[in-house]
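Please open the model in your viewer, with the sequence panel beside it, and follow the selections below in order.

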Amino acid sequence: MESERSLIYHERQRLQFCLLHSLNNLFQEKDAFTRANLNAIAEKLDFNDPSKGTWTPLSVIFKSHHNSLTGNYDINVLISALEDRGKRVIWHDRRNGASSIDVEGLKDELFGIIVNVPVRRYAGLWRSRHWVALRRIEGVWYNLDSDFSAPYCFKNAEEIREFLDSVMSIGAEVLLVMNDKE
């Protein structure tokens, strides 16, 4: 199992670039996405936004869809990045629980799972959200959280569902990343 884990690509957290790390971990490729790619997507979203607000000096750093210095990209950047790669995103209705996610049967259709988890840091003074990728690799599901020192291997489908139910109970959003049917 340890040799399998060493073959898995796993980026570690840096600043607030967890969306970048999650995408690269999901695609199992170092530069599947770069800061420049995600910044360009965010800028395009800003440009095309019909309800964009007025410009202020803080607009240079705090953009509508990301923070220029630290990252912190939003869901719109995630969905656009995935669609550019031929994936589609299905927002999981948490009222249905994780038992409604077929993590065993959708081998060709389900590419992976992205989870957006609420986090509290610095003794609860800092509240934010964190992007996490889950992916099946060689038939085994892994939690590729960039805050982890190494990927976590789920024992079975029930453990994945327990994890998803536990994070949904604290307000996490679960996004199913599907391969587009051609």
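Colour the chain by secondary structure and read along the sequence: the elements follow the pattern α-α-α-α-β-β-β-β-β-α-β, which amounts to five helices and six strands. This is a predicted model, and it is worth switching to colouring by confidence before looking at any detail. The pLDDT averages 79 over the chain, and 74% of the residues score at least 70. Now select residues 57-63, where the pLDDT is below 50 and where the model nevertheless shows eleven contacts beyond near neighbours in sequence. Where pLDDT is low, the predicted coordinates should not be read in detail.

With the whole chain still in view, colour by accessibility: buried residues make up 47% of the 182 residues. If you then draw the contacts between residues at least 6 apart in sequence, 61% of them join residues at least 24 apart.

Next, select helix α2, residues 18-27. How many residues of α2 are buried? Ten of the ten are, so the helix is largely enclosed by the rest of the structure; the buried set runs through C18, L19, L20, H21, S22, L23, N24, N25, L26 and F27.

Keep α2 displayed and add helix α4, residues 75-84, whose axis lies 11 Å from that of α2, the two helices packing at an angle of about 30 degrees. Because angles under 35 degrees count as roughly parallel, α2 and α4 are described as roughly parallel to each other. Viewed as a crossing, α2 passes α4 in a right-handed sense. Showing side chains here brings up the residues that make the contact, namely L19, L23, L26 and F27 from α2, and V77, L78, A81 and L82 from α4. By class, the residues of this contact comprise eight nonpolar, no polar and no charged.

Within α2, centre the view on S22, which is buried with a relative accessible area of 1%. Leaving aside residues up to four places away in sequence, S22 touches I114, W131, V132 and A133. Its C-alpha atom is separated by 8.7 Å from that of L134, although the two residues are 112 apart along the chain.

Step back from α2 towards the N terminus and select H10, in the loop between α1 (2-6) and α2. Is H10 buried or exposed? Its relative accessibility is 16%, below the 20% limit, and H10 therefore counts as buried. Apart from residues up to four places away in sequence, H10 touches N25, L144, D145, S146, F148, S149, A150 and P151. For one of these, P151, the C-alpha atom is 6.6 Å from that of H10, across 141 residues of chain.

Two stops remain, both concerned with the backbone. Select Q28, just after α2, in the loop between α2 and α3 (35-48); its phi is near 55 degrees, a positive value in a residue other than glycine. Q28 is partly exposed, with a relative accessible area of 22%.

Finally, move to E138, in the loop between β3 (126-137) and β4 (140-143). E138 also has a positive phi, of about 55 degrees, although it is not a glycine. At 79% relative accessibility, E138 counts as exposed.

Note on methods
Residues numbered from 1 in each chain as written. Predicted model: local features only at pLDDT ≥ 70, side-chain atom pairs only at ≥ 80, totals over all residues. Heavy atoms only, no water. Axes fitted to C-alpha atoms, helices over the stretch in contact; angles between N-to-C directions. Helix = DSSP H or I, 4+ residues; strand = E, 2+ residues; numbered from the N terminus. Parallel < 35°, antiparallel > 145°, perpendicular 65-115°, else oblique. Left-handed = near helix turned anticlockwise from the far one by under 90°. Contact = heavy atoms within 4.5 Å. Nonpolar A, V, L, I, M, F, W, Y, C, P; charged D, E, K, R; others polar. pLDDT = per-residue confidence, 0-100. Buried < 20%, exposed > 50% of the residue type's maximum accessible area, 1.4 Å probe, protein only.
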